[in-house]
Amino acid sequence: MSLGYKKEGLQINSIAQDTVSSQPGLFLLETRMWVLPVTVMAVGFTLGGKRRCTLLEEFVLKCLASEVPSLKTQQGITALLRLDSIYVQNCLQELLQHRLVIQSTAAGEFIYSLTDLGRETCRGGLMPVPPGKETVYISVNAQFELLGITGQADENSAYPAADWPVFRYCSYRQTHGEFLSADSRADSLVKEQMAAWYGDDWPAIVTEKHEPQFAEERQQVFGEIWVYDVIRQQVLCHVWDFERQTFCEKLAAALTALEAGQRLRQAEQAFYQAVNDQKLVALFGKQRRQDNNTLPRIETFHDTGFFALCRQACSDMDKIILLTVPCIAEISTNETVLEFIRAAINRQGTVFIGGGPGVGADREPEPPPKWENVMQSLIDADSLPGVFLFEIGNVRQQAAVVDSRYCLLDLLPWLFYQGAQCLSKQPVARVFEASFVAEQSDCLQGLFLRQLEQQLLNGYFLDKANGVTWFCALLSLTAHGHIREILAAEAIEKVIAMHSGAFLLKILAVYIAKGEFALGFERLLDWLVQQGDNDAVTEWLAKLYMDSPGAYQKITAIYGKNNIKQ
């Protein structure tokens, strides 16, 4: 095994881990290394035409065009521009080579005058470019329609390809030259390369393109990464191009079309099979077996224990329960689910529900009767919303996450469709594996926060009731503290700009009810004290002192008792 083999193998693993950690709910399935045969074509160019004058050339030409005698000598121009004489000397020599000036002698001193071409150059600001040749090397794979700028063989020695297998879908029946000539992207690539070489001079350079010539065959190294998105229930493919140090979207799209369906089925079987066949244990129990020869704690329940399991979840809850359901629209008509939600709210908890809008891929159901009335009736002891619904897409794996204690898998389908023959033998799993539960909670809360961010951007706060609901939801979540802090700060500024102090006092009451004294609380209180109705604030604080002395003490500790009018 060569050093390059080790280095690239480690690099693709590092890239894969970065990909997985970039988004909640991603699991790494596989990485592979392989090479793809490419043909390197040399595209030659003859350069000519004109380029923009440099600042020094422009000044020298204008000095000569002024016809001032003292500015027609090297010494006079140097004295005017206050430059070292060598710069002016070199500039004049270049102008002589391009026949823009002529040189004569008077009193032992060189005198420079513009030619007709020099006067034209002075007016247009464009210098002639001496004829030259450049070659751009393009790697081509016609099978997958890949084009890219590359170097010559000795410039790519950092990526040895001898140790890797050839791409499993590779076909050698390719006509690289014809493909390169017919593909308009080649011209764009060449222009980009020429612009990189010549910078600002490129727009003024006229080039003559020659027919592409075969240069060499080469094996180009790629790394293949497959990940499984647990939340969206899809398999994703990424292909890393080691030569260009970037992802190759075309190869990833080709692999996705060829293998994504089969890999999705395999991933679903590996991650969400029934607990009885130990597939779930294999998902996150391998490392623990290696550490202390014990298995993660997983319990299974059948139909006789489902109701008791729901009651136990409500008893075990500290703050929130996160649910994913097959169809949000059916919640208000399912009394079993509503009973479960009410029980959680009665224990001073909050329920977050995410799912899809419809029950089928071909239709979306009509909103059930009295939908809004049912949802508005699910409130807590402070008359604040106790349940929040978000459309996060149709989810196949239904779960209930009880704080960060445990996760219930496949409970919600039974609650929705209890008595269905197809579910009579399907168990419900209660998983206590801490890392798995934490990841499920973080993933779901991340999706809910994304929906709250969209509402924040889409004018959700124009309606006061929506504003109260939004803050209740944000302050009830527990994960991704930095994101919640940013969203709260933006939301506070929006409500300050849109609404009166009376409404801001309602938002402040939400903070008190949720026991939250950060996430923009101090900014909100400061505005109310400094800019709002002081009498209303004083009255509100007096009532708070009677109803909740502990909250009042926290406010005075945060803001300072002397800063609040008594």
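**Figure 1. The surroundings of Tyr511 in this predicted model.** Let's start with Tyr511 and its company. Setting aside neighbours within four places in sequence, Tyr511 is in contact with Phe471, Leu475, Ala488 and Ile492. The list of its contacts continues with Glu516, Ala518, Leu519, Gly520, Phe521 and Leu524.

**Figure 2. The largest nonpolar core, with 58 residues.** Tyr511 appears again here, as one of the residues with the most contacts inside this core; the others named are Phe352, Trp470 and Phe471. Which helix gives the most to this core? That is helix H15, residues 434-457, with nine residues. A second core, separate from this one, has 24 residues, including Leu323, Ile353, Leu378 and Leu408.

**Figure 3. Helix H17 and its buried face.** Helix H17 covers residues 481-498, 18 residues in total. From its first C-alpha to its last, H17 reaches 26 Å, close to the 26 Å expected at 1.5 Å a residue. Which residues of H17 are buried? They are Arg484, Leu487, Ala488, Ala491, Ile492, Val495 and Ile496. Viewed down the axis of H17, these buried residues fall within an arc of 165°, so they line one face of the helix. On the other side of H17, you will find His482 and Ala497 exposed. As for partners, the buried residues of H17 pack against H15, helix H16 (464-476), helix H18 (501-514) and helix H19 (521-530).

**Figure 4. Phe521 in helix H19.** Now for a closer look at one of the contacts of Tyr511. Is Phe521 buried or exposed? Phe521 counts as buried because its relative accessibility is 0%, and the cut-off for buried is under 20%. Phe521 and Ala488 are 33 residues apart in sequence, while their C-alpha atoms are 8.9 Å apart in space. Ala488, for its part, is among the buried residues of H17.

**Figure 5. Two loop residues with positive phi, Arg82 and Ala107.** Most residues other than glycine have a negative phi. Arg82 is not a glycine, yet its phi is positive, at about 55°. Arg82 is found in the loop between helix H3 (74-81) and helix H4 (85-97), and with 78% relative accessibility it counts as exposed. Ala107, likewise not a glycine, has a positive phi near 55°. The loop that holds Ala107 lies between strand S2 (101-106) and strand S3 (109-114). Ala107 is exposed, with a relative accessible area of 91%.

**Figure 6. Stretches with pLDDT below 50, residues 358-369 and 419-424.** Across the chain, pLDDT averages 76, and 72% of the residues score at least 70. Over residues 358-369 the pLDDT is below 50, and this stretch has 15 contacts in the model beyond near neighbours in sequence. For residues 419-424, pLDDT stays under 50 too, and the model has four contacts beyond four places in sequence. A friendly caution: where pLDDT is low, the predicted coordinates should not be read in detail.

**Figure 7. The chain as a setting for the close-ups, with 21 helices and 17 strands.** What percentage of the 566 residues is buried? Buried residues make up 47% of them. Among contacts between residues at least 6 apart in sequence, 73% join residues at least 24 apart. The chain exposes about 28900 Å², of which carbon and sulfur atoms supply 50%.

Note on methods:
Residues are numbered from 1 along each chain as its sequence is written. This is a predicted model: local features need pLDDT of at least 70, side-chain atom pairs count only at pLDDT 80 or more; totals for chains, interfaces and linings use all residues. Side-chain values use heavy atoms; hydrogens and water are left out. A nonpolar core is a set of buried Ala, Val, Leu, Ile, Met, Phe, Trp, Tyr and Cys residues joined through side-chain atoms within 4.5 Å. Buried means under 20% relative accessible area, exposed over 50%, partly exposed in between (1.4 Å probe, protein chains only). Helices (H or I, at least four residues) and strands (E, at least two) are DSSP runs, numbered from the N terminus. Contact means heavy atoms within 4.5 Å. Accessible areas come from the Shrake-Rupley method with a 1.4 Å probe; for residues, only the protein chains shown count as cover. The expected span of a helix is 1.5 Å times one less than its number of residues. The arc is that of the directions from the helix axis to the C-beta atoms. pLDDT is the predictor's confidence in each residue, from 0 to 100.
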